[in-house]
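Student: I've got a protein model open and I'm not sure how to read it. Can we go through it together?

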Amino acid sequence: MTTKPLKLRELAKGEDRFAYGHRMCAGCGAPIVVKQVLMATDYPIIASNATGCLEVSSCIQEYTAWKIPWIHSAFENAAATISGVEAMYRSLVKQGKIDDKQVKFIAFGGDGGTYDIGFQSLSGAMERGHDMMYICYDNGAYMNTGIQRSSATPFGANTTTCPAGDVIPGKLQQRKDLTRIMAAHDIPYVAQASPGNWMDLMKKVQKAFEIKGPKFMNIIAPCNRGWRSRTDDAITLAKLAVNTCYWPLYEIENGVTKITVKPKEKKPLTEFLKPQGRFKHMFAPKNKWMLEQAQGYVDAQWERLQKEAAAGEAEKTPEE
Amino acid sequence: MGKIVAVTGNEACAEALKQINPDVCAAYPITPATDLMQRFAGFVSDGKIDTEMVLVESEHSAMSACIGAAAAGGRVATATSSQGLALMWEMLYIAAGTRLPIIMPLVNRALSAPLNIHGDHSDGMGARDTGWIQIYSENAQEAYDNTIQAFRIAEHLDIRLPAMVCLDGFIVSHSIERVEYIDDADVKNFVGKFKAVNPLLDLDNPKSYGPLILTDMYHEYKRAQHEVMTKVPGIALEVAAEFEKMTGRKYGLFETYRLEDAEIAIVVMSSAAGTTKDIIDQYRDKGVKAGLLKPRMFRPFPYVEIADALKHLKAIAVLDRADSFGGYGPLFSEITGSVMSMDTKPPMINKIFGLGGRDYLPNQAEQVLDELVKIAETGKVETIKEYLGVRE
C-alpha cells in the first residue's frame, strides 16, 4: 500500500467513507475531522465510536453514514471495543482463517468519552500495544448532553454545569493536557491536529498508519452550539486555536517532540476567545484576571512545548 | 470415552475452554474466577491453543473487548465473578442486545458491601434481566459439561445470544472432584466450526453495529429479544440430547430427584442440591415422601415445565442463595411465577441460605423438610420468608 498524495484534486475524486446525510449540526467540526481522517488513507479501516454526538448522529436505526465497518457499544469503551476487534483480526490472521488485508483500526471518541469516562479504557488499550489509532475529537465539553463541563473544557468557559454566575465565573480549572498524558504512555506516535490545517492533519494520519502499535491523535473540533459561535466559523476557529498557540500542532514520535506547524505570528489568545460566546463574561472588566490567567497558561504551555521540541531537534542533529 | 480426572471446577472449565479453543478471550482477574483464567492463560502461553488473550484493565473493558471481538466475527470467551460481573453490568445488556454469542463461566460470589469473596448467587441474580442465557451447575462435572453445551446453544443460528455458565465460588470452583473429560476431538466435533454472522471483518460488506433506536422501534427490538429467548429451551434440549448421545450424561432444563411420587419438595440450585439429595434419601428411608427440583436453566426460565413437575406437591420450599432485600428471594419469585398456572396452588416457603459462603449444612435441609412435613399436614404457612443458619 502506497501513501496516497495529498492533492486536493485527487482527494476530491475519492469516495467519501463517511457519507453525507448524517445528522450532525450544521457547521460542526466533528464530521470534518472524521472525513479528513478517512480521506487521508486508502487502507481498509474498521472503526469504533464512543457514545456521543458523532455516534448518535451517524447511525440511527436502519440508516448509517459509515461506509466502513463500524461499531458503537457504549460511552467509556471505544478503545476497549476496538481492541477486541483488532485482537480478533490478529487471531484469525494468525490462524490462517482470514487473509491479512492490512486493516487499520480506529477508535473515535469525543473529549468526554476520551479524557474522562473513557480514560481508563484508553490507557489500558494503549498499554496493551494494540495496533490501533485512537482519535479524540475534542470540542471541549459534553456537547451531546447539552454543553456540560468536561476535563477538556478550557479555563473560564461558561458551560451548563459550570455556568458563569454572579459568584463563580465559569470553569475555574485549566484543561487536562491529554496529549501529553498519552505521550507519557511511551507509545510510538502521539499527535495534536486541527481540521483548519488539513494537510498537517492528513499527513499525521498517514504517518500514524505506517507505524505499528498504538497511536493517539487529539484533534480540535469546534462546536458552534457549545462554543456559542457562528455556524460558519468552525474552520476559522480551528485555525485561530492553532495561531494563538491554544492548540499547538505537534507530534511526539518515539518520544521525540516536533512542532509541525509553527504560527508565523503568535496571536493573542483573545482572538480565539472573542468570537465564542462561552468566554463572553471573561471580557467584562471585573474578569480581566481571567483573560490574563488564560493567556498565561497558554504561554507557559507553548514555552514548554518549544523547549521539548528544541530538545527533540538537538537529539536528531548528530554531534560534530 | 474420555479420561477421568480429579480436578477443581475452575480447572474443569479451563479445560473445556482449552478444548474449544476460542479465537479471543478478554479477561480480568477476580477471585474466585482468577484461577480459571490463569490456567487458561497458561495453555495460551504454552502454545496449546490459538486464542488471542486480551488482558484488560477492568471487567468493563473485558466485556467491551469481548463485544468487539465477537462482532468482528469469531468465537469469544471470558470468565468473571461478583464485583467483576457488577462492573460489566452495562456491557452485559449490550452483548445481549447486539446478539453476540459470548460464553462466560460465572464463578458465583457474594457482592459487596461488606466485602466477601465467597460463594453465593447475588452476582448472577443481579444479571437476571441482562438478556444472557444463564445455566447453573451443581458440581465440576456439570460446569464442564455446561460450558461445552453453552457454546452450541449460544452460537446456534436461531439464538446468537451470550451465555453464562454459573458454578458456586470455592465450593465448586476450588474443590477437587471426579470429572470425566471428553476427548479433545469429540469436543471439537461437538462444538463445530464457528459461523460468523454479519462480521465486522467482512470488509466488502461493511456493517454498522450499535445504532441509536428511539421510541419508534426500540420497543419492537426488545420484544424480538424476548422472542429469541423463548427459542432457547428447545435448542438447549436438542443440544443436551446430542450431548447425552456422546457422553451418556443427561441434561434437561432442570433436574428432578425422587420428585415424581413426592409430597413435599425443595427447589434449590447449584451445589446445595447435592447436600439436599443426601438428606432427601435419609427422609425417604424414614418414609417421608420428599423430592427435589434443581433448576439448571435460570434464563430463560422454564415456568410451564417446572409447574408441571411441581403440580402434585403438598408443600414446596424454595431455597435462595441470594436475596432481594425487601422482597422474596429471586428463585422463589420465579417458582411462584410457575405455580401461578396451577389449578390448586401448593403452600410455599422461601429460605435464604448460604450468603457470602456460609455453609449449607445437612441439618438445614432437615429443618426445611421437617417444616414442609408440617405444612403438608396442616396446609398452613407461618412465615413465608426466613433465613437459614443465621446466628442470632
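Tutor: Sure, and let's begin with strand pairing: two strands pair if DSSP finds at least two bridges between them. Keep in mind that this is a predicted model.

Student: Okay, so how many bridges join E4(A) to strand E9 of chain B, and do they run parallel or antiparallel?

Tutor: There are 2 bridges between E4(A) and E9 (residues 208–209) of chain B, and the strands run parallel. Look for A:Ile71, whose bridge partner in E9(B) is B:Tyr209.

Student: How many residues of each chain are in contact across the two chains?

Tutor: On chain A, 38 residues are in contact with 37 residues of chain B. Several elements of chain A give two or more residues to that side, including strand E1 (45–49), strand E4 (70–72) and helix H6 (119–128). Helix H4 (78–94) is on that list too, and H4(A) supplies the largest share, 13 residues.

Student: What kinds of residues make up the side of chain A that touches chain B?

Tutor: That side divides into 19 nonpolar, 14 polar and 5 charged residues.

Student: Now, what about nonpolar residues inside a protein?

Tutor: Here's the general idea: in soluble globular proteins, nonpolar side chains tend to be buried together. In this model the largest nonpolar core has 224 residues, and among those touching the most other members are A:Val85, A:Ile135, B:Cys66 and B:Ala265. This core also draws at least three residues from each of domain 1 (4–247) and domain 2 (254–387) of chain B.

Student: Which residues is A:Ile135 in contact with, leaving aside its neighbours within four places in sequence?

Tutor: You'll find A:Val37, A:Ile106, A:Ala107, A:Phe108, A:Met217 and A:Ile219 in contact with A:Ile135.

Student: Let's zoom out. What is the secondary structure of chain A?

Tutor: Chain A comes to 12 helices and 10 strands. Its radius of gyration is 19 Å, close to the 20 Å that the globule rule gives for 320 residues, so chain A is as compact as a globular protein of that length. Buried residues make up 52% of those 320 residues.

Student: And is helix H11 of chain B mostly covered or mostly open?

Tutor: Mostly covered: 7 of the 10 residues in H11 (residues 330–339) are buried. Among them are B:Pro330, B:Phe332 and B:Ile335. The cover over the buried residues of H11(B) includes helix H5 (122–126), helix H10 (303–310) and strand E15 (348–352) of chain B.

Note on methods. Residues are numbered from 1 along each chain as its sequence is written. Chains are lettered from A and ligands numbered from 1 in the order in which they are written. This is a predicted model: local features need pLDDT of at least 70, side-chain atom pairs count only at pLDDT 80 or more; totals for chains, interfaces and linings use all residues. A nonpolar core is a set of buried Ala, Val, Leu, Ile, Met, Phe, Trp, Tyr and Cys residues joined through C-beta atoms within 7 Å. A residue is buried if 20 or more other C-beta atoms lie within 10 Å of its own, exposed if 12 or fewer, and partly exposed in between; C-beta atoms are placed from the backbone. Domain bounds come from an automatic or database domain assignment. Two residues are in contact if their C-beta atoms, placed from the backbone, lie within 7 Å. Helices (H or I, at least four residues) and strands (E, at least two) are DSSP runs, numbered from the N terminus. Ala, Val, Leu, Ile, Met, Phe, Trp, Tyr, Cys and Pro count as nonpolar, Asp, Glu, Lys and Arg as charged, and the others, Gly among them, as polar. The radius of gyration is taken over C-alpha atoms; the globule rule is 2.2 Å times the number of residues to the power 0.38.
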